[in-house]
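Biologist: I have the sequence and the structure open. Walk me through the terms you use, and show me the reasoning behind each one.

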2 protein chains.
Amino acid sequence: MNEFELIARLTRTLPTAECVRVGPGDDCAVLDLGLASEFVLFKTDAVVEGVHFTASTPPAKIGRKALGRCLSDIAAMAGRPACALVTLALPRQFDAAFIEAIYDGLNTLAQNHAVAIAGGETTTNPDRILVSIAMLGLVAKDRCVLRAGAQPGDAIFVTGELGGSLAGKHLDFEPRLNEARWLAGNFPVHCMIDISDGLAGDLPHLLAANALGAELLARAIPVSAAARRAAATLGAKPPLLAALTDGEDFELLFTVAGRDAVPLIDAWKAQFPGLPLSCIGKVTETPGLRLRTEHAVEPLTAPGYVHFAGN
Amino acid sequence: MNEFELIARLTRTLPTAECVRVGPGDDCAVLDLGLASEFVLFKTDAVVEGVHFTASTPPAKIGRKALGRCLSDIAAMAGRPACALVTLALPRQFDAAFIEAIYDGLNTLAQNHAVAIAGGETTTNPDRILVSIAMLGLVAKDRCVLRAGAQPGDAIFVTGELGGSLAGKHLDFEPRLNEARWLAGNFPVHCMIDISDGLAGDLPHLLAANALGAELLARAIPVSAAARRAAATLGAKPPLLAALTDGEDFELLFTVAGRDAVPLIDAWKAQFPGLPLSCIGKVTETPGLRLRTEHAVEPLTAPGYVHFAGN
């Protein structure tokens with residue numbers, strides 16, 4: 001049993017309740033706690049030393065990343081963050097200045113997005129630092145965007161640029177909260193996710209509910225300068241493959257009806273002139289991911305990545 | 001700087017917001033998210049292998065304990081739990097059956113208290129298992145009981161029996177949710193906490209806000225059979241000291257006005273005949289904890305424990 005099979009098995013038997021509108025499997029849990037016009041969004045996310053950051057990562061960036069990941073999940077539902085709790089699990093011999101610096105990074109990002117840090121706890125994790133964030137947000141009931149909802153013919157969009165995040169962006173990314181709320185407030189967004197596992201890893205989550213597929217246009221995929229730089233290293237991924245698979249981009253991936261694509265692009269440019277928005281392909285009735293290059297349309301599957309990488 | 005000084009320093013600079021009614025320093029954060037008659041309670045708590053359980057702890061009990069600790073904190077505010085997220089941080093080589101058993105224990109306790117498990121995440125903690133629970137609850141605005149609120153002359157009560165939890169209760173305790181809601185619904189409870197650090201460790205949290213003290217009656221403190229059994233071991237704590245300091249009791253500690261003490265005892269016996277409720281002393285204007293024995297009234301301070309233990 002691999003991790004995904006285990007998760008599938010575990011989530012089938014979880015106790016639920018009437019207040020849970022969306023449970024496991026979306027960017028946040030969606031709860032109806034009785035507010036007239038809003039759902040409560042609920043999310044946890046942890047970063048672990050040696051996995052999500054290293055012993056040499058500046059501590060302010062650890063705090064920033066830990067909170068930013070949760071904020072990115074609130075963004076993916078078009079919500080606004082309200083309040084977070086911080087779980088700091090530390091070796092017994094902690095360096096107080098290091099911990100304060102983790103909080104400095106976390107608090108600064110929280111203040112930028114008007115998020116309260118309402119407490120949390122410190123506990124012991126003898127071998128390494130672990131920071132887990134629990135986040136509450138709110139979203140208007142008629143503007144909550146889920147992962148499910150893609151339709152054949154939808155235009156697929158992505159914000160920002162993809163790939164090469166490990167060079168630095170994974171510690172410094174801006175959660176796309178304002179952009180997501182503007183999107184949901186101005187266009188009928190069919191579905192949305194934040195890209196944490198790479199475009200090719202997360203796009204299937206938008207297609208799975210309706211057993212759809214997608215055709216991506218290779219030259220439309222916004223490859224980051226960091227991915228291009230990394231590709232210059234011997235044996236490194238080609239830049240396009242990096243953009244498809246690197247992960248930790250924390251950009252928004254979403255679809256709108258084909259007819260909304262051009263009005264969206266125009267309105268976006270006026271609203272967010274500093275942030276690229278790219279239409280990278282379309283949703284298809286045929287399942288699976290395909291990549292259209294100048295020469296051909298190739299299937300983009302897990303083994304496909306390897307094939308593609310060798311091109 | 002010790003851990004408590006660090007926490008004090010960190011919490012002074014945390015960003016807050018209008019929705020936060022009670023931030024760090026109580027059993028849960030108390031949030032006003034706009035519900036007419038209820039506050040939202042928000043809490044996280046983690047258990048770590050080698051700290052809160054061992055490699056030989058039955059996995060169902062790990063799950064049960066992880067969730068139970070959060071439920072006990074909801075109880076301490078007289079709230080009702082609604083929904084939890086589970087963060088499971090695991091070594092890379094995980095045993096699927098072990099993880100499923102953790103969830104079995106957790107789900108069973110959740111079902112007993114009508115708590116939904118709305119998702120969570122699995123992540124990697126290479127050296128040991130860590131289970132962190134994020135919990136949401138609700139409480140009527142006029143029945144939310146805080147740690148602050150003790151008055152001189154208050155009678156101090158504790159549910160159940162104390163001490164010796166490590167012999168088994170720390171994995172099997174029943175969070176006192178029903179009892180706490182009944183209390184807050186039927187008596188003006190001035191303040192409440194769940195005992196996690198031992199009676200002598202947690203009672204000061206009820207007294208600190210108004211710089212009060214307490215006099216405890218030694219023979220009234222409900223010493224558990226487990227604490228008495230443990231005391232038979234050479235060099236072990238005397239049973240009363242165990243009841244005062246062992247921790248992980250997860251019983252309710254609260255105060256009511258002196259005039260409510262007898263009516264409360266009578267009503268409790270009728271409502272919860274199977275669970276002892278003990279009036280263990282009174283709140284005093286004189287700060288500090290004191291213990292009245294047959295022979296004397298002795299100060300009960302951190303060094304005092306050592307003195308007392310030698311008696």
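Modeller: This is a predicted model. Start with helix H2 (residues 59-76) of chain B and helix H3 (residues 96-112) of chain B, which pack with their axes 6 Å apart at an angle of about 45 degrees.

Biologist: Why is H2(B) called oblique to H3(B)?

Modeller: Set the angle of about 45 degrees against the cut-offs. Under 35 degrees counts as roughly parallel, and roughly perpendicular runs from 65 to 115. The angle fits neither class, so H2(B) is oblique to H3(B).

Biologist: What is the hand of the crossing of H2(B) and H3(B)?

Modeller: H2(B) and H3(B) cross in a right-handed way.

Biologist: Which residues of H2(B) and H3(B) meet?

Modeller: From H2(B) they are B:Pro59, B:Ala60, B:Lys61, B:Ile62, B:Gly63, B:Arg64, B:Ala66, B:Leu67 and B:Gly68. From H3(B) they are B:Phe98, B:Ala101, B:Ile102, B:Tyr103, B:Asp104, B:Gly105, B:Leu106, B:Leu109 and B:Ala110. Sorted by class, this contact has 12 nonpolar, three polar and three charged residues.

Biologist: Why do glycines such as B:Gly63 not go with the nonpolar residues?

Modeller: Because Gly is placed among the polar residues, while Tyr counts as nonpolar.

Biologist: What about H2(A) and helix H3 (residues 96-112) of chain A?

Modeller: Their axes come within 6 Å and cross at roughly 45 degrees. That again falls between 35 and 65, so H2(A) is oblique to H3(A). The crossing of H2(A) past H3(A) is right-handed. Residues in this contact include A:Ile62 and A:Leu67 of H2(A), with A:Phe98 and A:Leu106 of H3(A). The contact of H2(A) with H3(A) holds 12 nonpolar, three polar and three charged residues.

Biologist: How do you know that the two copies are related as by a two-fold rotation axis?

Modeller: Lay chain B on chain A. A turn of 180 degrees does it, with a shift of 0.0 Å along the axis and an RMSD of 0.0 Å. The two copies are thus related as by a two-fold rotation axis. The same surface serves both copies, as 100% of the contact residues of chain B recur in chain A.

Biologist: How many residues of chain B are in contact with chain A?

Modeller: 58 residues of chain B touch 58 residues of chain A. To count, a pair needs C-beta atoms within 7 Å. Among the elements of chain B that each supply at least two residues are helix H1 (3-12), strand E3 (38-48) and strand E6 (130-140). E5(B) gives the largest share, nine residues. The side of chain B that touches chain A has 37 nonpolar, 16 polar and five charged residues.

Biologist: Where do the domains of chain A lie?

Modeller: Domain 1 covers 16-140 and domain 2 covers 155-309. Taken over C-alpha atoms, the centres of these domains of chain A are 24 Å apart.

Biologist: What makes up the side of domain 1 of chain A that touches domain 2 of chain A?

Modeller: 16 residues of domain 1 of chain A contact 16 residues of domain 2 of chain A. On the domain 1 side, helix H2 (59-76) and strand E4 (80-90) of chain A are the elements that give two or more residues. H2(A) has the largest share, with 10 residues. By class, that side has six nonpolar, four polar and six charged residues.

Methods. Residues numbered from 1 in each chain as written. Chains lettered and ligands numbered in written order. Predicted model: local features only at pLDDT ≥ 70, side-chain atom pairs only at ≥ 80, totals over all residues. Axes fitted to C-alpha atoms, helices over the stretch in contact; angles between N-to-C directions. Helix = DSSP H or I, 4+ residues; strand = E, 2+ residues; numbered from the N terminus. Parallel < 35°, antiparallel > 145°, perpendicular 65-115°, else oblique. Left-handed = near helix turned anticlockwise from the far one by under 90°. Contact = placed C-beta atoms within 7 Å. Domains from an automatic or database assignment. Least-squares fit on C-alpha atoms with pLDDT ≥ 70 in both.
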